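Ready for a walk through a structure in your viewer? Keep the selection tool at hand, and we will go stop by stop.

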There are 4 protein chains.
Amino acid sequence: MKPITLLDPSPREVKLMFQPGVLEQLQEMVELRPGPEMHTYQHPTPEEVDAILPETTYVIGQTDLPRERLETAPRLKAIINVEGNFFPNIDYEYCFSHHIHVLSVSPVFARAVAELGLGLALSLARQIPQADAAFKRGRERYGLDGNQNADLLSARSIGIVGFGDLGKALLKLLHPFGREIQVFDPWVPARAIQAAGAVPVTLEELLTTSTAIFVVAAVTSDNQGFLDRAALEMIQQDALFVLLSRAGVVDFEALADTAISGALRVATDVWPEEPFDPKHAIRRAESAVLSAHRAGALYSCFYEMGERIVEDIALMNNGLPPSSCKRAEYETVTRMRSRPVQRS
Amino acid sequence: MKPITLLDPSPREVKLMFQPGVLEQLQEMVELRPGPEMHTYQHPTPEEVDAILPETTYVIGQTDLPRERLETAPRLKAIINVEGNFFPNIDYEYCFSHHIHVLSVSPVFARAVAELGLGLALSLARQIPQADAAFKRGRERYGLDGNQNADLLSARSIGIVGFGDLGKALLKLLHPFGREIQVFDPWVPARAIQAAGAVPVTLEELLTTSTAIFVVAAVTSDNQGFLDRAALEMIQQDALFVLLSRAGVVDFEALADTAISGALRVATDVWPEEPFDPKHAIRRAESAVLSAHRAGALYSCFYEMGERIVEDIALMNNGLPPSSCKRAEYETVTRMRSRPVQRS
Amino acid sequence: MKPITLLDPSPREVKLMFQPGVLEQLQEMVELRPGPEMHTYQHPTPEEVDAILPETTYVIGQTDLPRERLETAPRLKAIINVEGNFFPNIDYEYCFSHHIHVLSVSPVFARAVAELGLGLALSLARQIPQADAAFKRGRERYGLDGNQNADLLSARSIGIVGFGDLGKALLKLLHPFGREIQVFDPWVPARAIQAAGAVPVTLEELLTTSTAIFVVAAVTSDNQGFLDRAALEMIQQDALFVLLSRAGVVDFEALADTAISGALRVATDVWPEEPFDPKHAIRRAESAVLSAHRAGALYSCFYEMGERIVEDIALMNNGLPPSSCKRAEYETVTRMRSRPVQRS
Amino acid sequence: MKPITLLDPSPREVKLMFQPGVLEQLQEMVELRPGPEMHTYQHPTPEEVDAILPETTYVIGQTDLPRERLETAPRLKAIINVEGNFFPNIDYEYCFSHHIHVLSVSPVFARAVAELGLGLALSLARQIPQADAAFKRGRERYGLDGNQNADLLSARSIGIVGFGDLGKALLKLLHPFGREIQVFDPWVPARAIQAAGAVPVTLEELLTTSTAIFVVAAVTSDNQGFLDRAALEMIQQDALFVLLSRAGVVDFEALADTAISGALRVATDVWPEEPFDPKHAIRRAESAVLSAHRAGALYSCFYEMGERIVEDIALMNNGLPPSSCKRAEYETVTRMRSRPVQRS
């Protein structure tokens, strides 16, 4: 008898996460419920969920799981969130006290976010989009004339705010750009930052001394808007500022002002609302580089979700702890403050 | 008595190459000629050159040095080209048989070219300039919708054509993006490519299997246009193609055609003529990323020229061989086919 | 009010783990019990433990903690094992269902074990101890004559059995020695091994193709003696075999036979019993290199225990999960089969 | 017509340098002289040399080549020294003024010397040979008892004296052991040391602050005995001192005194005379590790000589400069002061 798995990934599409060969591997290891209709966008109905849970070993998706429902699921070993965020629709206390892993596929985004982050930083440093647009309009300027606002990333002092999966992936790409990369993360001991080859610093040290700043901190109940106007004003004139994680960690209007005035060279992939105000003045900030929440949403990331789920179910079926998805922590799971994914 | 140095860097400006502290260091080690008027664009006159050469130990610049002149310069130890190219205005045979080093400051460009090259590749892979332009026009598309043509650089197979200073600098930045980076360079033994952590391959292997190709080969009398239409047709559909060294190594019209048709995603920093034809269709190639010979011409590169010159003069004054500038080779110096720099 | 901490580290000495400054930091964060008498070898008495537990937030040591005792400790957040092994004297089920972290200081040993492991491998490859002994006896042989049994580690194919903290630390030191280092660990997904820059393989692939094998697998109830005589016979003649984790993972007599016959070049730091049989023939195995459980037991490792404990208590006092010590896993904690530490 | 090559490698054996496949490659590219008798130890006779030189393009070996002989060899392109040292039996002035490359196979030793150097350092830090000897005598001490004189290499401050091929190869192996490795080499600009990821320092800084010192400086007419008693006294008590290049760079008796007194932990692979005084007190220095000039003389190094020669002849046959062997420099070739190899 294969373990029963409730498949409820909406708003993610099953076929986007599980490529054919991977879906086959999954089905060799578990029995998926509901059955054939699963390749759709629809949630299972509440009645279907209630019917399936008593036999369920794994849940893939963001199903509402209050205590009453969890109590009906004595075999449950893991709930695998496929959005990359944790919502308050689950009784986490119950999960942790009953050895139910709460997992997220969020590591699939780390490499993609890091690559875009580096691409945005190099775009800011060398004004690649501006030069491309000028060339396409027939207004390019050659050589040094075209480089009046260009310089080396490796000549800058690099700082990373946040040292979770995103920060670690970014650091790997940035290593060839600097020997003394600074990292701030109050959740991570200095030792771990040093072991990764970076220099642990306070937020103030980072903001006042780094001239290429990457923000990859998650939003929690503790840190909303911690990069406020006063913090942004600590940053040196003309520094690169690349915002990759969530708009909620900065005072976005203050950041937009620095971009518009040219005080900082700002690239951002995240926005307070999406779609963003079509009239907002940041759209006219010449030196800025703007990206519409495109850092992580690559097809290859979605495919990797299915692969990581298969890897962790293989481990759990063998009586081992999962390790390919990210495990929620009892202490912090309820502090996360992300907004739900709209689609895909 | 300090060694006499003929300073004739035009079209480079003295003050662009030698920042104040560096000029001071230089003047502590050598006596510059001509004297105070040197901080200008003008060449010394032929008469001045003729008068200075008999006492000269070092020449900084692209001075015409036929045999007749060299014979008047018995103390000459080094000629330091500051353009980054070697021209046929020097009797190299004479230099090499008289222990006169022929040096170039070209290593100053390696890091800058490598950074732009990686920035262009990430821009192509993630369509950063296109997405920025769309956002600034209010036409951005979010998440997966905006990523229909985006993918990971690290998911591609990377190939580098040319393994001189540029190729080596690029490889260092690309290491975190792939474990099996392919390199083609017929002038470099396989051992040296392997020692640098890359995989030596033939040009055909590289073109048919790499899906992110960086071209950093110098133009020589042997390789003009070696990336012709047939070679470009060997490359896989939708591969990234980043041209960084000289337009002369490719059939540029064939390359433009692949960019316009979308067969390849092309980024180029070099052009058959500059300024480039304002009506050329490549300017309308949507997925391409265009840059106007901006890879190396950063202020910091020019400053580094002065630093490297000072470093090598310090070594030579101590009876040691220079090592910070690039040394021309007797066998290849006359094969180089670069065009002169216009200005800066 | 500072959280109460039961300090019961025996057989480790308090002063060996906590250097003066670190002990001070600890005491700023917690109140240690029992009080002044703690700087000794003695366990608190059972009565003392019983009296302290009801107020205790952290336990440092290997105190017996059956369910009855744990039920008296409602504030308990973490039990920090300082031996590096988990014993069956704790009701782990209770801990995990009550959000009590079970931690081990074992990461302190990783770097030290890795350094000795590499030192032993180089000693085997170059016969350093044998050459040193010969030189000290006046029987050295020079140059190639002395190198009849010496070769490069980097010319060998390297394999690592076990990819926990030790395997990861070892891989970092071995990276410059080979681009295709093989790793076998059935508890770790292939993806994690690849992400670390190594090649995941089966045990059979590793044993039949690696010619420098490092064994750093922990002993569990599943893998005792898994490197049996048949497995050892799969290894190529003259391969290096470095045993670092526990003697229990190999058929030690079979391993000794390969060392004595010279079939393999064996280095081992671990032994079936300690002290080991003084008459055992492996002591006369000329090409072997023998070490008396010295891989991890460095003063600096003990000092680091205290530092990591302080780091994790700081995190837990701030409501965050610990991350500097290793966390036991619900699924595997009871499978571990190490012997207790005798002293230090 | 293949270029004629004078093969005169003695005291190296032809078959030790050229493995069968490599010899075949060589013979496809050049015609070897003298003919079949070359697979022997004997030099060609002076008469044979005189007869062959007029047609010779390449010389492999240490043949006497005064001006009179060189003048008879108008086709000569390269002299390839296979000892790794340059002797005053060649008119180097003539070679450099006639575009004749003077090459050495010495790069073949770099990796082997670096591996032994690291092995010796780890042996000193962990007292591996001492512990192995004790175990083999039945006098081993376990765990911390056996580690009273052991510590981590990565906890020490590392310094490298000399940054030629050996220093660079060593640095690559040492990178995982420290982020701030210090390098002293007066022939190398600071920029090159920094580009390799190390920290350029003065000799005094290195000696007074490094606690693990590797000496890989070549002996020149300038630096004989530069690590004299006063220099050694600047080093911190109990530092590791690993001597790998030539005994001539240190005051060897002073170094032996530090080993005997235990002031430093000394490993040396090189000796003032070989064989070394059988009664010398350094043989009784307990904490020292002694090696009889075994760093480079591995079979694989000799095989690599032939491979590098083939690589460079392939380049030169194609009109390119050699790059796989090391090129002597006009300025420094006559300053080298190594002793000849006795045999192999």
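Copies here are superposed by least squares on the C-alpha atoms of residues with pLDDT of at least 70 in both. Those pLDDT values are there because this is a predicted model.

**Stop 1: chains A and C**

Select chain A and chain C together. What rotation superposes chain C on chain A? A turn of 180°, with 0.0 Å of shift along its axis, does the job, and the RMSD is 0.0 Å. Now click on C:Ser97: within chain C, its C-alpha is the nearest to the axis, 2.0 Å from it. The same surface serves both copies, as 100% of the contact residues of chain C recur in chain A.

**Stop 2: chains A and B**

Swap chain C for chain B. Here too a turn of 180° and a shift of 0.0 Å along the axis lay chain B on chain A, with an RMSD of 0.0 Å. The two copies are therefore related as by a two-fold rotation axis. To find where chain B comes closest to that axis, pick B:Pro129, whose C-alpha is at 2.1 Å. Once more the same surface serves both copies: 100% of the contact residues of chain B recur in chain A.

**Stop 3: a tryptophan in chain B**

Stay with chain B and show the side chain of B:Trp271. You will find this residue in the loop between strand 11 (265-268) and strand 12 (289-290) of chain B. Is B:Trp271 buried or exposed? Its relative accessible area is 1%, so B:Trp271 is buried. Next, show B:Ser291: its backbone oxygen lies 2.8 Å from a polar atom of the B:Trp271 side chain. For a sense of scale, draw a line from the C-alpha of B:Trp271 to that of B:Arg111; the two are separated by 21 Å and lie 160 residues apart along the chain.

**Stop 4: an asparagine in chain C**

Move to C:Asn223, in the loop between strand 9 (212-215) and helix 12 (229-233) of chain C. C:Asn223 counts as buried because its relative accessibility is 14%, and the cut-off for buried is under 20%. Which residues is C:Asn223 in contact with, leaving aside its neighbours within four places in sequence? They are C:Ala217, C:Ala218 and C:Val249. Zoom in on C:Ala218, whose backbone oxygen lies 2.7 Å from a polar atom of the C:Asn223 side chain.

**Stop 5: the open sheet of chain D**

Turn to chain D in cartoon view. An open sheet of 6 strands runs in the order 2-1-3-4-5-13, with mixed pairing. Strand 2 (31-33) and strand 13 (326-327) of chain D stand at the edges with a single partner strand each, so one side of each has no neighbour in the sheet. Strand 13 of chain D is joined to strand 5 (residues 101-104) by 2 bridges, and these strands run antiparallel. Select D:Ser104 to see D:Lys326 of strand 13 standing opposite. Then colour helix 14 (residues 299-317) of chain D, which packs on the sheet and touches strand 3 (56-61), strand 4 (78-81) and strand 5. The direction of helix 14 makes about 165° with that of strand 3 of chain D.

**Stop 6: strand 6 of chain D**

Finally, select residues 158-161 of chain D, which form strand 6. Both faces are covered: D:Ile158 and D:Ile160 on one side, and D:Gly159 and D:Val161 on the other, are all buried. Strand 6 of chain D pairs in the parallel sense with strand 9 (residues 212-215) over 4 bridges, and D:Val161 stands opposite D:Val215 there. Strand 7 (residues 182-184) of chain D also runs parallel to strand 6, joined by 3 bridges; in strand 7, D:Phe184 is the bridge partner of D:Val161. Add helix 9 (residues 165-174) of chain D to your selection, and strand 6, helix 9 and strand 7 appear as a right-handed β-α-β unit.

Methods:
Residues are numbered from 1 along each chain as its sequence is written. Chains are lettered from A and ligands numbered from 1 in the order in which they are written. This is a predicted model: local features need pLDDT of at least 70, side-chain atom pairs count only at pLDDT 80 or more; totals for chains, interfaces and linings use all residues. Side-chain values use heavy atoms; hydrogens and water are left out. Buried means under 20% relative accessible area, exposed over 50%, partly exposed in between (1.4 Å probe, protein chains only). Two strands pair if DSSP finds at least two bridges between them. A crossover is right-handed if, with the strands pointing away from the viewer, the path from the first strand over the helix to the second runs clockwise. Contact means heavy atoms within 4.5 Å. Axes are lines fitted to C-alpha atoms, for helices over the stretch in contact, and angles run from 0 to 180 degrees between N-to-C directions. A polar contact is a pair of N or O atoms within 3.5 Å; within protein, one must be able to donate a hydrogen and the other to accept it, and residues adjacent in sequence count only if both atoms are side-chain atoms.
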